Amino acid sequence: MSISSSVLSDLLQSIPYLRPQLYFKASLTALSHAMEDQVLAATLEQPLIIASFQRERYYRQEAHRYKRLALRSNQIYVLSAPETEFANSSEYYEKIAFETEDALSQEWHLVVIADNYATCLVCRESLGSIAKNQLPELSPSLDMDTARRFEGIWTSERGVSIKAADLLLERISVYRPELVDKIKDARQRFGIGESRNYSPAEQVTEFACDIDTDPFVQRLVTYLQASQYKLHKAYRSITAQARKERLVNSISTAIRRSLDPHEVLQVAAQELGQHLGASRCLIYRAQATDAQADIKHEFLIPGVLPVGGQTWQLDENPLFQEAVQNGEGVCVADTLSDPRVTKSKKLFAIAQKFAIRSWLIEPVFFQGRLLGIVELHDCSLPPHEWQPGELDLVKAIATQMGAALIQAESYANLEDLNQQLEALDRTRSNLIAITGHELRTPLSTIQVCLESLATEPDMPLELQQVMLSTALSDSERMRKLVQDFLTLSNLESGRVEWHPESLTLQECVDLALSRLRTRTSEEKPPQVKTQIAENLPLVRADGDWLVEVIAKLMDNACKFTLPEGTITITATQNSNQMVEVTVADTGRGIEPNRLEIVFDRFYQEEGALRRTTGGTGLGLAISRQIVTGWGGEIWAESNGKDQGSQFHFTIPIAQMSQEEKKQGSREQKRQGSREQGAGEKRL
Ligand code: ADP
């Protein structure tokens, strides 16, 4: 039943001299309300009112007003396209639900015909305006309704109004044929549908408005004023928004110009403090769990006491705690009356000392991680009420600052990483050169010896022996070097499988000593003493590697100590739940500036070529890898040349289960009784 013809087009066709005009929605609303108010203001009228709303939702806003209008007239017709419950009915006035596809759904009509005046508004929404209206996301911040435009006629010409009423009544009778008699009454009363064409001149004389239009104009002006005011407010908020965006942009640009975190924070403090007219603006780095923070970046206006250089106690600061907990800014309008400040002795003292009257604390987050805090202080009177615009601005800057800090941090990390890579590259090249050198030296000795043996068959037997043993010892040195090098690179690359077990240290020391004895059989070693503390707990480490470390340190101590010197191995439990082993000698000692370098790969004080003692220069590097592998530490101490050296390393104590503990104490008792027995025997 839907009708595709437009009421506006039909009207323009039947009264050709009419010229449609463009109306914004706000103007149509004002006109409609003024027309309706004029009916409400009259006392005796029983006018005919026909209102056609495009959709139910537009009608719903006016439903209450039409109930009031129904008290003034029994000839009211309201048309609308139903969306939920708008249906044909005759309760207060006639409701006509037209089909959604009806051309009326694009139109807006209001016709009022009284005995002594008539007025009508017949409009159609322009299509561009509808299209835009259906895409509100194009400009979400603007009220899209104000952008809707209509074209049509608004007039007080009776002839035009009667024609409009005629067209609309015709359509009403299609949808609601049962109203035929009521419509007939209206037509008769107001002379609607009498076939007569009016000339413009006739129009003016015959139907000139003969009522007091003053209330209408008054109403119209009021509505227009109201919509103008709305517009003005919208402009103000847009301007404020634009100003804020410009400010955020300019501050962000200033912040982003640097990749140095200190500069970022200083610039941000300066710009924010200046733009918000604060007495003092502080920005400091802080994490959520920090107990205190050092104030390093500050903006101050002249005459205000600086806070820079102070340490803020964060764990006792309820404002900081609140900001971090809620993840948003905290404002204090007056520190003298806000209980968060007055109830905290320390905070109140700070506010007093630094004359902080109004306080704003904004956390700087990046992906949920607290990076720092922005504080704004106002030290003037009267106390400053922080405005929503200011808070938004501080929040926006804090967000920018978070991003800038992370950017600066990542850049610093990148630089660091780059330097590490460069160092690694240098080490790798050095390593290749050193390894090449270390391998070539014994290789060329072996080559010379073997060549001499091959080319000089008459060589005396003694010399031949010397040549052979030199070649043999150098090939042994090469074997050791390659073996140590492989061990070190396996340890460094994590390719070593650890087999941790609970061990008695004495056992490992004994094993290392016996290994040493077999190696140094021809030279007389210095005297070795062991001082392992009684009741030393078991240690947890890989037994083979532990023996290896002790043996290497012992080996070094023997190499660098004269036979008349002494080597002492001690082991005690330290305060960190670790066993500390020390291998001390009375040998040649180490210069203080070399105590750390001795752990470098291939470090040998006299250089490999000039050395008399054997060794590869990899022993301590290997030992450090092993010790750090079980979570311990290794370091050297010495008072300098010829003052002896002490090498210390730590091993974690084994955590014993209840069963192991029991077994341990049974073992100790048994050992105790054995020792007693032995003592008795000696006696
Ligand atoms: P090396 O095979 O040369 O002993 P290490 O890595 O074990 O290699 O030791 C590196 C260097 O540290 C030694 O060449 C020596 O200069 C110094 N060093 C190590 N232990 C001692 C010690 N007990 N006394 C003096 N110097 C030592």
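Biologist: Which residue of S21 stands opposite Ser 638?
Modeller: The model is predicted: local features need pLDDT of at least 70, side-chain atom pairs count only at pLDDT 80 or more, and totals for chains, interfaces and linings use all residues. Residues are numbered from 1 along each chain as its sequence is written, and side-chain values use heavy atoms, with hydrogens and water left out. Strands (E, at least two residues) and helices (H or I, at least four) are DSSP runs, numbered from the N terminus. Opposite Ser 638 in S21 stands Ser 645.

Biologist: How many bridges join S20 to S21?
Modeller: Two strands pair if DSSP finds at least two bridges between them. S21 covers residues 645-652 and runs antiparallel to S20. The bridges joining S20 to S21 number five.

Biologist: Which side chains of S20 point to the buried face?
Modeller: Buried means under 20% relative accessible area, exposed over 50%, and partly exposed in between (1.4 Å probe, protein chains only). Side chains alternate along S20, residues 634-638. Trp 635 and Glu 637 point to one face and are not buried. To the other, buried face point Ile 634, Ala 636 and Ser 638.

Biologist: What is the phi of Asp 642?
Modeller: Asp 642 sits in the loop between S20 and S21, and at 54% relative accessibility Asp 642 is exposed. In that hairpin, with six residues between the strands, Gly 640 has a positive phi near 120°. Asp 642 is not a glycine, yet its phi is also positive, near 60°.

Biologist: Which strands stand at the edges of the five-stranded sheet?
Modeller: The sheet is open, with mixed pairing and the order S16-S18-S19-S21-S20. Each edge strand has a single partner, so one side of each lacks a neighbour in the sheet. The edge strands are S16 (527-532) and S20.

Biologist: What angle does the direction of H17 make with that of S21?
Modeller: Neighbouring strands of this sheet are turned by 15° against each other on average, direction ignored. H17 (residues 543-559) packs on the sheet and touches S16, S18 (566-573), S19 and S21; contact means heavy atoms within 4.5 Å. Axes are lines fitted to C-alpha atoms, for helices over the stretch in contact, and angles run from 0 to 180 degrees between N-to-C directions. For H17 and S21 the angle is about 175°.

Biologist: How are H6 and H7 oriented, roughly parallel or roughly antiparallel?
Modeller: H6 (residues 158-175) and H7 (residues 180-190) pack at about 170°, with axes 11 Å apart. Angles under 35 degrees count as roughly parallel, over 145 as roughly antiparallel, 65 to 115 as roughly perpendicular and the rest as oblique. H6 and H7 are therefore roughly antiparallel.

Biologist: Which residues of H7 make the contact with H6?
Modeller: H6 contributes Arg 158, Ile 162, Asp 166, Leu 169, Glu 170, Ile 172 and Ser 173. From H7 come Ile 183, Arg 187 and Phe 190.

Biologist: What arc do the buried residues of H7 cover?
Modeller: Ile 183, Ala 186, Arg 187 and Phe 190 of H7 are buried. What covers them includes S2 (48-55), S3 (75-81), S5 (107-113) and H6. The face turned away from the buried side carries exposed Asp 181 and Gln 188. The buried residues lie on the same side of H7, because their arc (from the directions of the helix axis to the C-beta atoms) is only 100°.

Biologist: Which residue is joined to Leu 381 by a cis peptide bond?
Modeller: The omega of this bond is about -5°. The partner of Leu 381 lies in the loop between S14 (369-378) and H14 (388-455). That partner is Pro 382.
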